[in-house]
2 protein chains.
Amino acid sequence: MRGIKGIGLIKMNNLPIEWLGDRVRILDQTRLPQEEVYLELGSYQDIASAIAELKIRGAPAIGVVSAYAVALSALEIESKSKEGFLERLRGISQTLAATRPTAKNLFLAIERMEQVANAGEGVEQIKKALVDEAVKIHSEEVEATRRLSQLGAELIENGFTILTHCNTGALATAGYGTALGVIRQAKAQGKKLKVLATETRPLLQGAGLTTWELKKAGIPFTLITDSMAGYFMKRGEVDCILVGADRIAANGDTANKIGTYTLAVLAMEHGIPFYVAAPTTTIDLSLTSGDEIPIEQRSPEEVTHIQGVSIAPDGTQAANPAFDVTPHYYITAIITEKGIITEPYVERLKGIQGVR
Amino acid sequence: MRGIKGIGLIKMNNLPIEWLGDRVRILDQTRLPQEEVYLELGSYQDIASAIAELKIRGAPAIGVVSAYAVALSALEIESKSKEGFLERLRGISQTLAATRPTAKNLFLAIERMEQVANAGEGVEQIKKALVDEAVKIHSEEVEATRRLSQLGAELIENGFTILTHCNTGALATAGYGTALGVIRQAKAQGKKLKVLATETRPLLQGAGLTTWELKKAGIPFTLITDSMAGYFMKRGEVDCILVGADRIAANGDTANKIGTYTLAVLAMEHGIPFYVAAPTTTIDLSLTSGDEIPIEQRSPEEVTHIQGVSIAPDGTQAANPAFDVTPHYYITAIITEKGIITEPYVERLKGIQGVR
């Protein structure tokens, strides 16, 4: 995947996700920005833990590693009968599916892997097919983010200040990034840009990961707390908002990192375009609206503690919804690898999904 | 001041601000919620540092301690001539005024102290008059927060969930609190309440101070990140928003902790009442609109570091406006000790200020 024409991958010691034949190497995102530490995960259990603990995160990225997890687990299953093999594989898929409930990409990757397994002839042939499918899912996701970055960059004008939330770059996508891919492509086109990066509490992916990628990409940025977004919009210092997505319902309602909905409301109030960038693997046509998207509720400790240090009195009750849903009418456009979609989303999202 | 009828003061080992004749004792708010540490400040320089370092914070509270700082400095001036004394006092007032630019109460307290000094006869009489005036400012501020808490509590209905931002309690006001005073008074009236307390990045006054006061007051609360406010409003789980103020312009535009403006926009979008609670000492009729309110820009390190731990790559540029301005048309009502004010704010704020 190195050397694809265009913006180029973010320079790291290794790729953020790499298949090594009998294990997957990932960059441990919980160690950034302090240290660039890679983990080699040799079992699906290790991958499931890495997903649950956010060592790997971002909807497209967890889709890719969960496909590798299914492939790895398949290699280890000793059953010689296809039936026994498939039964064992279904149990493993359920374990993986239980790691994080919101991102569509995770479920889609597992579904694709299951279909390949079901369609196979013998166990050995299926094992090989599953590895091939995981590699294919990975390269398709990389290509999708490259393509959507190119399409989305057309929306970004020279001199723009772009406000982005959470991390949507190479780390989140295994490839070029979604919102951050669009920004990097616009910069590669020679446009002068500035980014306002929200820190993204509780887990500070903006402060720790987006800044790390922007620094490597040589794009000027200012870090702000989530609470400062309105201040800068009111001052007229934001030209557009660009975020990723974890799941997009059939009507365009979009689940993304907690705080996204607030940014969308602010954007509308100030007449600022609000763009969602996501590969089509994030779209879930089975859900009529965003009300049906399951929202992950994470540990209150992520709110009451920051990097292990308590910020609240002992015993403080805290809420920790990891995502919120932005209704489609706040979204100016959804940038996918198959085109830029605008209202009416219901028809257009259906149309674009059919193209796959 | 103990024993005033009504809600009662928050139980601490000492009052948050106490005049001890030749020094001021304050509760060090930077040590909460871990430790209840009191500092005895014997000079105006110590008080100026405590204000700048946020050991004491909250618009009414910094008004009170700056008055004590002027009194303390006066006691130390050795000049026997009134002219020399006043000249020295003006220099000290300027030092104090330079600590924090946004809160009106600071400037108003210093102005009142200067007027008393100018009106005095001899140096010794002025020194005594300044101490008396500082004590008067203190007790007036306590009484104002008690009164506005009573008036504001009428707006709170049984069963309400109230979202509040930053800290506006005993700590911030030397008395009963503004927004938090209203909440405590409503609770004292027997109303069943729940509070959603925003953590209030960057300095986490919500997570560390508001939770500490709510816990002491026995009011159930849930801590949320600033980015979660929209999520809970959209779910219909917020009945009103109640915040304090650092300065209110003649047209009702209100400067308050960064993030307040975002909450106001969200409140309007969801049809939720948005209340500002503040003593009239926070009102600045000399400013036509909020555009004229100076906004303090604090150190970027408060954003890039949390409790001394870095959360961003080295050299990250960050913005740190400490306040934002909420235009008056987002504000349902301003709760003061002289009444609850609604539109048209221009006439009504002028009317209420005239009453002083």
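These questions and answers deal with two pockets in a predicted model.

Q: What makes a residue count as lining the largest pocket?
A: A lining residue has an atom within 4 Å of a point of the pocket. For the largest pocket, 24 residues line the space, and the closest to its centre are A:Thr30, A:Pro202, A:Leu203, A:Leu204 and A:Gln307. The volume of this pocket is about 550 Å³.

Q: Which elements give two or more residues to the lining of the largest pocket?
A: In chain A they are helix H8 (205-217), helix H11 (301-304) and strand S12 (305-306). H8(A) gives the most, with three residues.

Q: How do you know that both domains of chain A take part in the lining of the largest pocket?
A: At least three lining residues come from each of domain 1 (12-146) and domain 2 (148-350) of chain A.

Q: Why are residues in the lining of the largest pocket called nonpolar, polar or charged?
A: The class follows from the residue type: Leu and Pro count as nonpolar, for example, and Asp and Lys as charged. Sorted in this way, the lining has ten nonpolar, eight polar and six charged residues.

Q: What lines the second largest pocket?
A: This pocket, with a volume of about 470 Å³, has 23 lining residues, and B:Thr30, B:Pro202, B:Leu203, B:Leu204 and B:Gln307 lie nearest its centre. Helix H8 (205-217), helix H11 (301-304) and strand S12 (305-306) of chain B each give two or more residues. H8(B) gives the most, with three. By class, the lining divides into nine nonpolar, eight polar and six charged residues.

Terms used
Residues are numbered from 1 along each chain as its sequence is written. Chains are lettered from A and ligands numbered from 1 in the order in which they are written. This is a predicted model: local features need pLDDT of at least 70, side-chain atom pairs count only at pLDDT 80 or more; totals for chains, interfaces and linings use all residues. Side-chain values use heavy atoms; hydrogens and water are left out. On a 1 Å grid over the protein atoms alone, a cavity is a set of points where a 1.4 Å probe fits but cannot get out, and a pocket is an open set with protein on both sides within 12 Å along at least five of seven lines; lining residues have an atom within 4 Å of a point. Grid points are joined across faces, edges and corners, and a volume is the space filled by probe spheres set on the points. Helices (H or I, at least four residues) and strands (E, at least two) are DSSP runs, numbered from the N terminus. Domain bounds come from an automatic or database domain assignment.
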